[in-house]
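User: Please take a close look at the strand pairing in this chain, and follow the side-chain packing from there. I'd like one connected account.

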Amino acid sequence: TNSNGGDVAFNWVAPATRRYRVSLLGSSYDSLLHVRRFASGSATDRCDQSPEIACNDDADGAQARVSFDATAGTAYLIIVDGAAGATGDFVVNIVAQ
């Protein structure tokens, strides 16, 4: 649940080198989705300093969806946010394509 209007970030490690689709289909509010490569190190563990891989707003109605090529063993940040400060319950779906 995103109840404070801020974003929520998850660290996800790709299990295989292939294309993945990440969607927020089933979420209860107008969502935004960002995927960034996780940059480790004390100065770069922040979402805003990691290279962005994909970003979307409203691919599936009011829910976001992105596809990107991932490398096995690489960590990615999946960032869920609300459009115009929207909040609510969200569902993160990750599917290999």
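Analyst: Happy to. Two strands pair here if DSSP finds at least two bridges between them. The strands themselves are DSSP runs of E with at least two residues, while helices are runs of H or I with at least four, and both are numbered from the N terminus. The model is a predicted one, with local features requiring pLDDT of at least 70 and side-chain atom pairs pLDDT 80 or more, whereas totals for chains, interfaces and linings use all residues. Residues are numbered from 1 along each chain as its sequence is written, and side-chain values use heavy atoms, without hydrogens and water.

With that settled, here is the frame. The chain has seven strands and zero helices, giving the pattern β-β-β-β-β-β-β along the sequence. A contact is a pair of heavy atoms within 4.5 Å. Of the contacts with a separation of 6 or more, 78% join residues 24 or more positions apart.

Let's start with the open sheet of four strands, which is ordered 1-6-3-4 with antiparallel pairing. Strand 1 and strand 4 (52-57) are its edges, each pairing on one side only. From one strand to the next, the twist averages 15 degrees, where axes are lines fitted to C-alpha atoms and angles run from 0 to 180 degrees between N-to-C directions.

Within this sheet, seven antiparallel bridges join strand 3 to strand 6. Along that pairing, Arg37 has Tyr76 of strand 6 as its bridge partner, and Leu32 faces Asp81, also in strand 6. Strand 3 also pairs with strand 4, again in the antiparallel sense, over five bridges; there His34 stands opposite Cys55. Buried means under 20% relative accessible area, exposed over 50%, and partly exposed in between, using a 1.4 Å probe and protein chains only. By that measure, strand 3 is mostly covered, with six of its seven residues buried, while for the chain of 97 residues the buried share is 37%.

The other open sheet has three strands in the order 5-2-7, and its pairing is antiparallel as well. Here the edges are strand 5 and strand 7 (93-96), each paired on one side only. The twist in this sheet averages 25 degrees from one strand to the next. Strand 2 and strand 5 share six antiparallel bridges, and among the residues involved, Arg21 has Ser67 of strand 5 as its bridge partner.

Now for the packing. A nonpolar core is a set of buried Ala, Val, Leu, Ile, Met, Phe, Trp, Tyr and Cys residues joined through side-chain atoms within 4.5 Å. The largest one contains 17 residues, and Trp12, Leu33, Phe68, Ala70 and Tyr76 have the most contacts inside it. At least two core residues come from each of strand 2 (18-23), strand 3 (31-37), strand 5 (65-70) and strand 6 (75-82). Ala70 is a good place to stop: beyond the residues up to four places away in sequence, it touches Trp12, Ala14, Ala16, Thr17, Arg18, Tyr20 and Tyr76. Thr74 sits in the loop between strand 5 and strand 6 and is buried, with a relative accessible area of 18%. Outside its neighbours within four places, Thr74 contacts Trp12, Val13, Ala14 and Arg37.

The aromatic rings complete the tour. Rings of Phe, Tyr and Trp (its six-membered ring) pair if their centres lie within 6.5 Å; planes under 30 degrees apart are stacked, over 60 edge-to-face, and the rest tilted. That rule gives five aromatic pairs. Phe10 and Phe90 form an edge-to-face pair, because their planes meet at 65 degrees, with the ring centres 5.9 Å apart. Phe10 belongs to strand 1 (residues 8-13) and Phe90 to the loop between strand 6 and strand 7, so this pair ties together parts 80 residues apart in sequence. Phe10 is partly exposed at 34% relative accessible area, whereas Phe90 is buried at 17%.

Trp12 and Phe68 make another edge-to-face pair, 6.3 Å centre to centre with 85 degrees between the planes. This pair links strand 1, which holds Trp12, to strand 5, which holds Phe68, across 56 residues. Both partners are covered: Trp12 is buried at 15% relative accessible area, and Phe68 is buried at 2%. Together with Tyr20 and Tyr76, Trp12 and Phe68 form one aromatic cluster.
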